[in-house]
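The following exchange examines how certain descriptions of a structure are justified. Each answer sets a computed value against the criterion that applies.

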Amino acid sequence: MRIVETNSPDETWELAAELADELGPGTVMALHGDLGAGKTCFIQGFAAALGIDEPITSPTYTLIGEYEGRLPLHHIDLYRLSGPVEALGLGLEEYFDVNGITAIEWAERAGDLLPDDMLHIEIKADEKTGTRTFRIYKEGEV
Ligand SMILES: Nc1ncnc2c1ncn2[C@@H]1O[C@H](COP(=O)(O)OP(=O)(O)OP(=O)(O)O)[C@@H](O)[C@H]1O
Ligand SMILES: [Mg+2]
């Protein structure tokens, strides 16, 4: 378990850039945290570090965005997922077994459809200071 605090969106981008250097193709990241915690901010920094200059957004109708960088990045945001049937229809498996990196917001909504060996990134915001605490660990790691 790695625990890192960031005090601004820029610092979150720096942390994301460090991870982008370390993580290889096939990595699936699950981002956990309340609305506004910084999940998308982290993924934006990660994308920038992969050399992607397109803006990473969370579109209303598409749950999956694909971007070409040093490695391909798949951004999946399941916040608007209507339920398990829609999750099945997304064909998520296709995105996991690839040469790229997959980052999933609200991953828990996909239930059983998630791979077993994800990298979990939990983000907690301190409402008083604005500090974000990141807890980063592999599936099954204590
Ligand atoms: N240390 C920090 N790291 C990241 N974001 C921060 C930080 N401090 C302040 N912020 C602000 O918090 C907000 C994070 O928003 P973001 O869209 O990344 O959240 P999210 O977790 O993706 O939310 P949602 O569940 O709605 O998708 C941004 O407005 C950002 O500027
Ligand atoms: Mg988001």
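Q: What makes the pair formed by an oxygen atom of ligand 1 and a polar backbone atom of Gly36 a polar contact?
A: In this predicted model, the two atoms are 2.8 Å apart. A polar contact requires N or O atoms within 3.5 Å, so the pair qualifies.

Q: Why is the pair formed by an oxygen atom of ligand 1 and a polar backbone atom of Ala37 also called a polar contact?
A: The distance is 3.2 Å, and the cut-off is 3.5 Å; the pair therefore counts.

Q: What makes Lys39 a polar partner of ligand 1 through its side chain?
A: An N or O atom in the side chain of Lys39 lies 2.8 Å from an oxygen atom of the ligand, which is within the 3.5 Å limit.

Q: How much of ligand 1 does the protein bury?
A: The ligand exposes 640 Å² when taken alone, and the protein buries 70% of that area.

Q: Which elements give two or more residues to the shell around ligand 1?
A: They are helix H1 (9-22) and helix H2 (39-49). The largest share, 3 residues, comes from H2.

Q: Why are H1 and H2 called oblique to each other?
A: Their packing angle is about 50°, with the axes 7 Å apart. Angles under 35 degrees count as roughly parallel and 65 to 115 as roughly perpendicular; the value for H1 and H2 falls in neither range, nor over 145, and the helices are therefore oblique. Their crossing is right-handed.

Technical notes
Residues are numbered from 1 along each chain as its sequence is written. Chains are lettered from A and ligands numbered from 1 in the order in which they are written. This is a predicted model: local features need pLDDT of at least 70, side-chain atom pairs count only at pLDDT 80 or more; totals for chains, interfaces and linings use all residues. Side-chain values use heavy atoms; hydrogens and water are left out. A polar contact is a pair of N or O atoms within 3.5 Å; within protein, one must be able to donate a hydrogen and the other to accept it, and residues adjacent in sequence count only if both atoms are side-chain atoms. Accessible areas come from the Shrake-Rupley method with a 1.4 Å probe; for residues, only the protein chains shown count as cover. Helices (H or I, at least four residues) and strands (E, at least two) are DSSP runs, numbered from the N terminus. Axes are lines fitted to C-alpha atoms, for helices over the stretch in contact, and angles run from 0 to 180 degrees between N-to-C directions. A crossing is left-handed if the near helix is turned anticlockwise from the far one by less than a right angle, and right-handed if clockwise.
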